[in-house]
Amino acid sequence: MTRIAFIGLGNMGGPMAANLVKAGHTVTGFDLSHDMLAAAEKSGVKPANMLTDAIADAEVVITMLQKGAQVLTVWGDITRSPAKDTLVIDCSTIDVDSARQAHAMAKQAGCLSLDAPVSGGTGGATAATLTFMAGGSEESFARAKPLLEAMGKKIVHCGDAGAGQAAKICNNMILGISMIGVCEAFVLGEKLGLSHQALFDVASTSSGQCWSINTYCPVPGPVPTSPANNSYKPGFAAALMLKDLRLAQEAALSSGAATPLGAEAAQLFSLFEKQGNGARDFSAIIEMFRERI
Ligand code: NAD
């Protein structure tokens, strides 16, 4: 049993903290939102009134926040006077540079640290089936792994500080680009009089196959579980896809990588969001192509 402080009990952090409680750990939680804190208390998380109260006695601190700036502020407080051997894990999706800065702060304070962003969404957070992509030392990873296993089903050590965030944004850049490609192909097929099912039957079993068509087909019918069959309710919201594509662009800029299709995908999802679609599933972008941009 580990004494864990969980900071950020939102849509993802709330159910993740609940799964740590279910696994027998003592979890003290803190969130700026009283509602989120109250909801977490119902699942066995001990509520703290202040961040410092939550982390006072913790062996492991986990953060699940929205942005890099928030993570750096909270990690600044955590690493001000940490107990010896504290392990700090950030599960938020943030920019690689901020993740590396957070690791540096932890190192200076004598803490072990891990960036461990997730994929799998709120469904995966609730069912404890998240995928974790981790960056940090072998020692940090070995200590974190049993805790991550209580919240997820696939845990990958991607490399040193920031490697988890790097893997996450590279993967989601592939996803954003591939979904646009699949949407364009289905709209072209419609114009050519091709049925959705015929295009799916061919492309899902030949060289066009990818997750965006085989598992998450953006038109209703061929894959009954895809959000297209449910009025494009997320799923994975377009606003979150845009956030990840922008993080990929920031990383491309700071590392000097050429990502022209990633840049185009970010532009297209930005336009889609501006049209009021941020809360819809990202695969609904197919409608924008039907309207001809
Ligand atoms: P959320 O907005 O629901 O939760 C974030 C929580 O952090 C909020 O409750 C907020 O009050 C709290 N918070 C902010 N600043 C704080 C501070 N200084 N101290 C304490 N609490 C603070 O967001 P979410 O959907 O849970 O996402 C969290 C992270 O996970 C994001 O980085 C997101 O990109 C990533 N993510 C989300 C999903 C998803 O489907 N929601 C999927 C994969 C990854």
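Sorted by class, the residues around the ligand come out as 10 nonpolar, 10 polar and three charged (Ala, Val, Leu, Ile, Met, Phe, Trp, Tyr, Cys and Pro count as nonpolar, Asp, Glu, Lys and Arg as charged, and the others, Gly among them, as polar). This is a predicted model, where local features need pLDDT of at least 70 and side-chain atom pairs count only at pLDDT 80 or more, while totals for chains, interfaces and linings use all residues. Residues are numbered from 1 along each chain as its sequence is written, and side-chain values use heavy atoms, with hydrogens and water left out.

**Around the ligand**

- The shell has 23 residues, a residue being in it if one of its heavy atoms lies within 4 Å of the ligand.
- Met12, Asp31, Leu65, Gln66 and Lys243 come nearest to the ligand.
- Helix 4 (68-78), helix 6 (121-127) and helix 11 (238-255) each put at least two residues into this shell (helices are DSSP runs of H or I with at least four residues, strands are runs of E with at least two, and both are numbered from the N terminus).

**Polar contacts to the ligand**

- Asp31 brings a polar side-chain atom to 2.6 Å from a ligand oxygen, a polar contact here being a pair of N or O atoms within 3.5 Å.
- Asn11 uses its backbone instead, with an N or O atom 2.9 Å from an oxygen atom of the ligand.
- At Leu32, a polar backbone atom sits 3.4 Å from a nitrogen atom of the ligand.
- On its own the ligand has 830 Å² of accessible area, and the protein covers 86% of that (Shrake-Rupley method, 1.4 Å probe).

**Salt bridges**

- There are six salt bridges in the structure, each a side-chain nitrogen of Lys or Arg within 4 Å of a carboxyl oxygen of Asp or Glu.
- Arg3 and Asp57 pair up at 3.3 Å, N to O.
- That pair ties together parts of the chain 54 residues apart: Arg3 is in strand 1 (residues 3-7), and Asp57 is in the loop between helix 3 (51-55) and strand 4 (60-63).
- Arg80 and Asp77 form another bridge, with their closest N and O atoms 2.9 Å apart.
- Arg80 is exposed at 62% relative accessible area, whereas Asp77 is partly exposed at 27% (buried is under 20%, exposed over 50%, partly exposed in between, with a 1.4 Å probe and protein chains only).
- Arg290 meets Glu190 at 2.8 Å, N to O.
- Here Arg290 belongs to helix 13 (residues 286-290) and Glu190 to helix 8 (residues 163-191), 100 residues apart.
- Arg290 is partly exposed at 33% relative accessibility, and Glu190 is partly exposed at 28%.
- Shared partners join Arg3, Asp57 and Glu59 into one salt-bridge network.

How values were computed: A polar contact is a pair of N or O atoms within 3.5 Å; within protein, one must be able to donate a hydrogen and the other to accept it, and residues adjacent in sequence count only if both atoms are side-chain atoms.
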